Amino acid sequence: MMDWSPILISMKTASLSIFITFFLGLIVAWGIVKIKNDTTKIVLDGIFTLPIVLPPTVVGFFLLYIFGVRGPIGKFFIDFFTVKIAFSWPATVIAAVVMSFPLMYRSARGAFEQVDSNLLDAGRTLGMSEWKIFWKVLFANALPGIISGGILAYARGLGEFGATAMLAGNIAGETRTLPMAVYSEVAAGNMGDAFNYVIVIVIISFIAIFIMDFVSIRKEKQWK
């Protein structure tokens with residue numbers, strides 16, 4: 001009988017991680033777009049994009065170095081809150097956020113940069129605050145690209161494996177996500193259960209792509 005805990009853990013992890021990634025990606029993308037110095041923008045963009053081009057295990061190594069029991073943040077939480085981050089469920093969320101963040105950030109940044117700057121200037125002329133301009137003008141006009149980025153980030157967080165394995169491990173019922181479950185079942189020779197988990201991942205991923213394409217097509221029709 002198939003263990004449903006990896007599905008529940010993955011859905012819980014992906015849901016919390018996209019909530020964090022969505023708003024974090026918007027804020028960072030907005031901040032990068034507002035930077036005038038090209039060198040600073042290039043350096044920061046490289047840092048924020050790095051997790052998507054590095055091997056996930058390398059990202060996981062850095063995360064383990066930071067959040068491990070001897071790492072600066074991991075040791076701080078143990079000493080002051082007696083909370084161990086590494087090899088716990090929160091570690092799966094951290095890994096998913098870090099690995100999915102570049103997709104959300106770059107999608108939001110690209111969408112922001114396509115918005116006509118004259119609209120922003122018009123908002124300032126009307127006396128709107130920068131915060132209101134962001135939500136009423138920039139966010140509203142960039143929404144299709146932002147939604148696409150959010151869907152991609154959600155799917156990426158759901159399918160995260162390498163960084164999760166390094167930071168959270170493969171603990172049954174606690175940190176064993178769907179990708180980890182597939183690996184574990186194949187390693188144990190249980191190809192039937194592994195196939196069931198694969199089907200679940202494929203279905204969720206296809207739904208995510210379908211929604212993203214649907215939003216893009218609707219926006220293209222509006223432009224026409």
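## Cavity, pocket and cores in a helical chain

The largest cavity has a volume of about 50 Å³. The model that holds this cavity is predicted. How many cavities of 30 Å³ or more does the structure hold? The count is one.

Nine names make up the cavity's wall. Ser 10, Thr 13, Thr 92 and Ala 96 line the cavity, together with Gly 157, Leu 158, Glu 160, Thr 164 and Thr 177. Sorted by character, six of these lining residues are polar, two are nonpolar and one is charged. Three helices each supply at least two residues of that lining: α1, α5 and α8, the last running over 143-158.

**The second largest pocket**

An open space comes next. The second largest pocket encloses about 210 Å³. Helices α1 (5-34), α2 (38-53) and α5 (89-113) each give two or more residues to its lining. Which of the elements gives the largest share? It is α5, with five residues. Ile 20, Leu 24 and Val 28 are among the lining residues, as are Ile 47, Phe 48 and Pro 51. Val 93, Ile 94, Val 97, Val 98 and Phe 101 line the pocket too. The lining holds eleven nonpolar residues, with no polar and no charged ones.

The two spaces can be set side by side.

| Space | Volume | Nonpolar | Polar | Charged |
|---|---|---|---|---|
| Largest cavity | about 50 Å³ | two residues | six residues | one residue |
| Second largest pocket | about 210 Å³ | eleven residues | no residues | no residues |

**The chain as a whole**

The protein chain has eleven helices and zero strands. From the N terminus on, every element is therefore an α in the run α-α-α-α-α-α-α-α-α-α-α, as helices and strands are the elements numbered here. Along its principal axes, the C-alpha trace spans about 65 × 45 × 30 Å. The chain has 224 residues, and 41% of them are buried. Now take contacts between residues at least 6 apart in sequence. Of these, 70% join residues at least 24 apart.

**Nonpolar cores**

The largest nonpolar core counts 34 residues. Which of its members touch the most other members? They are Leu 26, Met 104, Phe 112, Leu 138, Ile 146 and Tyr 197. Elements giving two or more residues to this core are α1, α5, α7 (130-141), α8, α10 (178-187) and α11 (191-223). Helix α1 gives the most, with nine residues.

A second, separate core has eleven residues, including Leu 63, Ala 86, Ala 95 and Met 99.

Back in the largest core, Leu 26 is one of the members that touch the most others. What is Leu 26 in contact with, leaving aside its neighbours within four places in sequence? The partners are Met 104, Ala 108, Phe 112, Phe 134, Phe 139 and Ile 146.

**What the UniProt record adds**

In an unreviewed entry, UniProt annotates residues 7-216 as "domain: ABC transmembrane type-1". In the model, that span is 81% helix and 0% strand. Its end C-alpha atoms lie 29 Å apart.

The unreviewed UniProt entry also places the feature "transmembrane region" at residues 6-30, 42-67, 87-105, 133-155 and 194-215. Two of these spans can be described further. Residues 42-67 are 92% helix and 0% strand, and their end C-alpha atoms lie 27 Å apart. For residues 133-155, the end C-alpha atoms lie 30 Å apart, and the span is 96% helix and 0% strand.

Definitions and conventions. Residues numbered from 1 in each chain as written. Predicted model: local features only at pLDDT ≥ 70, side-chain atom pairs only at ≥ 80, totals over all residues. Heavy atoms only, no water. 1 Å grid on protein atoms, 1.4 Å probe; cavity = no way out; pocket = protein on both sides within 12 Å on 5 of 7 lines; lining within 4 Å. Points joined across faces, edges and corners; volume = space filled by probe spheres on them. Helix = DSSP H or I, 4+ residues; strand = E, 2+ residues; numbered from the N terminus. Nonpolar A, V, L, I, M, F, W, Y, C, P; charged D, E, K, R; others polar. UniProt positions renumbered as here; feature names shortened; annotations may be inferred. Core = buried A, V, L, I, M, F, W, Y, C linked by side-chain atoms within 4.5 Å. Buried < 20%, exposed > 50% of the residue type's maximum accessible area, 1.4 Å probe, protein only. Contact = heavy atoms within 4.5 Å.
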